[in-house]
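Subject: The structure for you to look at

Hi there,

Here is the structure I promised to pass on. Please open it next to this email, and my notes follow below.

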Amino acid sequence: EKGGYPHFMLKEIFEQPKAVRDTVQIHLNKDGSVTFPDLGWTKECFENIDNILITACGTAYHAGLVAKHYIERFVKIPVSVEIASEYRYSKPLTTNRTLCIVVSQSGETIDTLEALKEAKKHGAKSLAVTNSIGSSIAREADHVVYTLAGPEIAVASTKAYTTQLVALLMLALYMAQLRGTISMDLIHKITDGLKDLPKQIEKVLKEKDHMAEVADRLIKAHDIFYLGRSIDYAIAMEGALKLKEVSYIHAESYAAGELKHGTLALITADTPVIAVATQDAVSSKMYSNIQEVKARGAEVLGIGYEDDKELGKYTTETVRIPRVDFFIAPILSVIPMQLLAYYTSVKRGNDVDKPRNLAKSVTVE
Ligand code: F6R
């Protein structure tokens with residue numbers, strides 16, 4: 001049942017090329033434009049939307065943080081991203097001019113389901129991005145977009161997350177296409193990139209043994225910092241969560257520019273740093289932040305493009321992803337972090353598929 005892999009988590013990490021290919025394919029037209037025929041949306045639907053609320057838990061919340069960048073950039077509608085267990089008790093300002101998007105692999109997370117009901121109570125229109133056909137969340141939402149990740153057994157989410165990113169990116173392109181806020185050239189550029197993505201994921205998966213080696217050096221750490229800016233910050237949050245939940249090592253993700261507002265005091269030779277640097281607009285700032293932590297003795301693993309000649313000058317070591325559009329990069333840069341979490345957990349002797357105190361589907365509040 002594990003298809004020759006020692007654990008479901010590793011199997012599911014390696015299923016990402018297929019999961020992503022399947023999720024991309026159903027939303028692509030032959031002419032390279034994007035389609036979500038089941039939504040039945042028109043340009044006019046957006047005349048009644050002032051803001052978008054994304055609400056979810058855990059890894060799905062992290063996918064929402066990336067989607068905010070996608071939607072605001074392409075669709076030009078302000079997006080707020082809220083943790084479901086916070087949103088539902090927050091006396092929200094949601095109205096009938098809000099589109100609420102919930103993201104849930106299982107479709108059964110109680111806080112996400114209740115957040116969705118709360119948003120609907122305020123009149124919001126709703127859409128669920130889920131991996132589970134017929135789930136409670138799929139039934140509650142006005143519209144559903146399915147990720148085609150296939151069943152995810154390991155508690156730590158991997159292929160569900162990357163397919164959420166794909167679905168949300170394509171949904172953002174679709175909304176922008178309807179509203180006329182994006183050029184066809186840019187749509188084609190990104191959809192071409194999405195068609196190539198499974199191949200690029202295969203390339204990044206070749207870093208498996210490299211990440212196993214790096215894990216050898218992380219297993220003794222008490223604290224590990226994950227840094228990024230812009231979309232890379234959202235990816236750093238996911239990388240840190242993955243490590244924490246399966247390795248039980250404390251990790252903290254930080255917006256790299258925030259370090260000097262207190263956290264830098266915690267960086268020493270004993271705190272390894274994982275630095276994600278795929279967002280060109282902020283890469284020079286990111287290099288400075290890497291130098292700051294390196295100057296405090298930290299070992300830095302940089303995650304960046306294979307043609308980035310600068311990154312290696314400041315890091316202790318790098319892991320490379322192919323050069324892709326910077327909106328697509330997060331779907332690749334998270335993979336070395338998934339592998340790192342997996343190997344760190346296995347090398348510490350943990351039950352990587354069933355980490356302590358966690359359930360695959362959280363139906364308690
Ligand atoms: C982390 C993880 C959890 C889930 C969260 C939401 O690897 O799996 O953080 O993402 O419990 O679950 P779903 O997506 O099923 O609502």
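**Glutamine 16 and its surroundings**

Glutamine 16 has its place in helix 2 (residues 16–25); helices (H or I, at least four residues) and strands (E, at least two) are DSSP runs, numbered from the N terminus. Before going on: this is a predicted model, in which local features need pLDDT of at least 70, side-chain atom pairs count only at pLDDT 80 or more, and totals for chains, interfaces and linings use all residues. Residues are numbered from 1 along each chain as its sequence is written, and side-chain values use heavy atoms, with hydrogens and water left out.

Is glutamine 16 buried or exposed? Glutamine 16 is buried, with a relative accessible area of 0%; buried means under 20% relative accessible area, exposed over 50%, partly exposed in between (1.4 Å probe, protein chains only). Its side chain reaches the backbone oxygen of isoleucine 13 at 2.9 Å, and a polar contact of 2.8 Å links the side chains of glutamine 16 and glutamine 338. A polar contact is a pair of N or O atoms within 3.5 Å; within protein, one must be able to donate a hydrogen and the other to accept it, and residues adjacent in sequence count only if both atoms are side-chain atoms. Leaving aside residues up to four places away in sequence, glutamine 16 touches Thr158, Lys159, Thr162, Ile201, Ile335 and Gln338 (contact means heavy atoms within 4.5 Å).

**The sheet with strands 1 to 5**

Here 5 strands form an open sheet in the order 2-1-3-4-5, with parallel pairing; two strands pair if DSSP finds at least two bridges between them. Strand 2 (79–83) and strand 5 (143–146) stand at the edges with a single partner strand each, so one side of each is left without a neighbour in the sheet. The twist averages 20° from one strand to the next; axes are lines fitted to C-alpha atoms, for helices over the stretch in contact, and angles run from 0 to 180 degrees between N-to-C directions. Strand 1 (residues 51–56) and strand 3 (residues 98–104) are joined in the parallel sense by 5 bridges, with isoleucine 101 in strand 3 as the bridge partner of isoleucine 54. Helix 3 (residues 58–75) lies across strand 1, strand 2 and strand 3, at about 175° to strand 2.

**The sheet with strands 6 to 10**

The order in this open sheet of 5 strands is 7-6-8-9-10, again with parallel pairing. Its edge strands are strand 7 (250–255) and strand 10 (317–321), each pairing on one side only. Strand 6 (residues 223–228) pairs with strand 7 in the parallel sense over 6 bridges, and aspartate 223 stands opposite histidine 250 in strand 7. Helix 13 (residues 329–347) packs on the sheet, touching strand 6, strand 8 (273–277), strand 9 and strand 10. In strand 9, 6 of the 6 residues are buried, so this strand is largely enclosed by the rest of the structure.

**The ligand**

Which of the 13 residues around the ligand come nearest? They are Ser104, Gln105, Ser106, Thr109 and Glu245 (a residue counts as near if one of its heavy atoms lies within 4 Å). An oxygen atom of the ligand is 2.3 Å from an N or O atom in the side chain of glutamate 245, and a ligand oxygen is 2.9 Å from a polar backbone atom of serine 157.

Best wishes
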